[in-house]
Amino acid sequence: MAHDTVENTSVTLLGLGAMGTALARTWLSAGHPLTVWNRTPDRAAALAAEGARVADSAAEAVAANPLVIVCLLDDASVEEVLAGTDLAGRDLVNLTTGTPAQARARAEWARERGARYLDGGIMAVPPMIGVPAAGGYVFYSGSRELFERHQETLAVPAGTTYVGEDAGFAALHDVALLSAMYGMFAGAAHAFALIRREDIDPAALAPLLADWLVAMAPAVHQTADQLRSGDYTKGVVSNLAMQVAGTPTFLSTAEQQGVSPELLSPYFELMRRRLAEGSGEEGLTGVIDLLVH
Ligand code: FVH
């Protein structure tokens, strides 16, 4: 087994896809002894030339270091890769995207095999890894002791944000933020569709769109404040009654532009349902309660 230098913890990394390779490079650049393994061995060749030790099997890689990091396609591949390894005494950090339930089950699975477990949700794309100015970071949840022990090493590729002992919380935060991102992309798709057949340069709309989304984003703080207080009318400047009254304008404009309303309509329907409950003086926060079963 490799021994840590005074400054740099030795790391084992399983999975050298786009993300795994980006992670690997940062640890190598920072001087961490790194053992890697990938199902398709060719993907390890460049890293070997950069100083990584390439293991012949996942079991050999796991045996090499106490800190074992996995970044594979999905939870099924984690199961497959770790099945034949001895995890006893290992600190297992799983950066593979999955559901909260998969993370909790994986934590228990690791515990039964004698390993400590930390789950991670990566809020970055590969080019952001190792570039602090890019703002990427990783949510971690599970063993706090494990997180604190390895925080310095984990902070090499990207920032670290610990969100709790519940192993599922990193995945939950990850999915929550990415779900909001898809909602934003859906809105932007509708906006671009509206101008698609007009003599309007999409490149001229893009900065207007970006600035508007940034200006509106802080509204989430008011939403959180209202959810905490239970008073959904607190600080409202654009009430639901006014906003629902405006929805025919959006739907008619879409129709006039030959654009399907299918991205907007479900949200408008929720707004109308909330208004029908007598919540016209609220903002949009009440929609959240309609979503939760
Ligand atoms: N890339 C991104 O933009 C996102 C950013 C946010 C986080 N995700 C998640 O990170 C995990 C890894 O993503 P990736 O980008 O490295 O993915 P790939 O380039 O497709 O590499 C997949 C690796 O998984 C290996 N693999 C897949 N199936 C198996 C299997 N059954 N047994 C063993 N290994 C398997 C694959 O090996 P190979 O195809 O090279 O042999 C790659 O190493 C992921 O959870 C993202 O959601 C990335």
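Colleague: Where does Asn-239 lie, and what does its side chain reach?

Modeller: In this predicted model, Asn-239 lies in the loop between helix H9 (219-229) and helix H10 (240-256). The side chain of Asn-239 reaches the backbone nitrogen of Met-242 at 2.8 Å, and a polar atom of that side chain also lies 3.2 Å from the backbone nitrogen of Ala-241.

Colleague: What makes the pair of Asn-239 and Met-242 a polar contact?

Modeller: The cut-off for a pair of N or O atoms is 3.5 Å, and the side chain of Asn-239 reaches the backbone nitrogen of Met-242 at 2.8 Å, so the distance falls within the cut-off.

Colleague: Staying with helix H10, why is Leu-251 called partly exposed?

Modeller: Leu-251 lies in helix H10 and has a relative accessibility of 26%. Buried means under 20% and exposed means over 50%, so Leu-251, at 26%, counts as partly exposed. Leu-251 and Gln-222 are 29 residues apart in sequence, and their C-alpha atoms are 27 Å apart in space.

Colleague: Is Thr-35 buried or exposed, and how do you know that?

Modeller: Thr-35, which lies in strand E2 (residues 34-37), has a relative accessibility of 5%. Because the limit for buried is under 20%, Thr-35 counts as buried. The side chain of Thr-35 also makes a polar contact with the side chain of Asn-65, at 3.5 Å.

Colleague: And what about Ala-59, in which helix is it found, and why is it called partly exposed?

Modeller: Ala-59 is found in helix H3 (residues 58-64). Its relative accessibility is 33%, and since partly exposed covers the range between 20% and 50%, Ala-59 belongs in that class. The C-alpha atoms of Ala-59 and Met-128, which are 69 residues apart along the chain, are separated by 30 Å.

Colleague: What makes the pair of Arg-106 and Asp-75 a salt bridge?

Modeller: The side chains of Arg-106 and Asp-75 meet at 3.1 Å, N to O, and a salt bridge asks for a side-chain nitrogen of Lys or Arg within 4 Å of a carboxyl oxygen of Asp or Glu, so the pair qualifies. The bridge links distant parts of the chain, with Arg-106 in helix H5 (residues 100-112) and Asp-75 in helix H4 (residues 75-82), 31 residues apart. Both Arg-106 and Asp-75 are buried.

Colleague: Why is the pair of Arg-113 and Glu-112 called a salt bridge, and is Glu-112 buried or exposed?

Modeller: The distance between the side chains of Arg-113 and Glu-112 is 3.8 Å, N to O, and this is within the 4 Å cut-off, so the pair is called a salt bridge. Glu-112 has a relative accessibility of 55% and, because exposed means over 50%, counts as exposed. Arg-113 has a relative accessible area of 37%, which means that it is partly exposed.

Colleague: How do you know that Lys-234 and Asp-225 are each partly exposed?

Modeller: Lys-234 has a relative accessible area of 36% and Asp-225 has one of 35%; both values lie between 20% and 50%, so each residue is partly exposed. The side chains of Lys-234 and Asp-225 meet in a salt bridge of 3.1 Å, N to O. Elsewhere, salt bridges that share partners join Asp-91, Arg-116, Glu-145 and Arg-149 into one network. The structure holds 14 salt bridges.

Colleague: Which residues are closest to the ligand, and how many surround it?

Modeller: The ligand is surrounded by 22 residues, and the closest are Met-19, Asn-38, Arg-39, Thr-40 and Arg-43. Helix H1 (18-29) and H4 each supply at least two residues of this shell.

Colleague: What makes the approach of Asn-38 to the ligand a polar contact?

Modeller: A polar side-chain atom of Asn-38 lies 2.7 Å from an oxygen atom of the ligand, and the cut-off is 3.5 Å, so the pair counts as a polar contact. A polar side-chain atom of Arg-43 likewise lies 2.7 Å from an oxygen atom of the ligand, while a polar backbone atom of Leu-72 is 2.9 Å from a ligand oxygen. Of the 900 Å² of accessible area that the ligand has on its own, the protein covers 77%.

Colleague: In which pocket does the ligand sit?

Modeller: The ligand sits in the second largest pocket.

Notes. Residues are numbered from 1 along each chain as its sequence is written. This is a predicted model: local features need pLDDT of at least 70, side-chain atom pairs count only at pLDDT 80 or more; totals for chains, interfaces and linings use all residues. Side-chain values use heavy atoms; hydrogens and water are left out. Helices (H or I, at least four residues) and strands (E, at least two) are DSSP runs, numbered from the N terminus. Buried means under 20% relative accessible area, exposed over 50%, partly exposed in between (1.4 Å probe, protein chains only). A residue is near a molecule or strand if one of its heavy atoms lies within 4 Å of it. A polar contact is a pair of N or O atoms within 3.5 Å; within protein, one must be able to donate a hydrogen and the other to accept it, and residues adjacent in sequence count only if both atoms are side-chain atoms. Accessible areas come from the Shrake-Rupley method with a 1.4 Å probe; for residues, only the protein chains shown count as cover. On a 1 Å grid over the protein atoms alone, a cavity is a set of points where a 1.4 Å probe fits but cannot get out, and a pocket is an open set with protein on both sides within 12 Å along at least five of seven lines; lining residues have an atom within 4 Å of a point. A molecule sits in a cavity or pocket if more than half of its atoms lie within 2 Å of its grid points.
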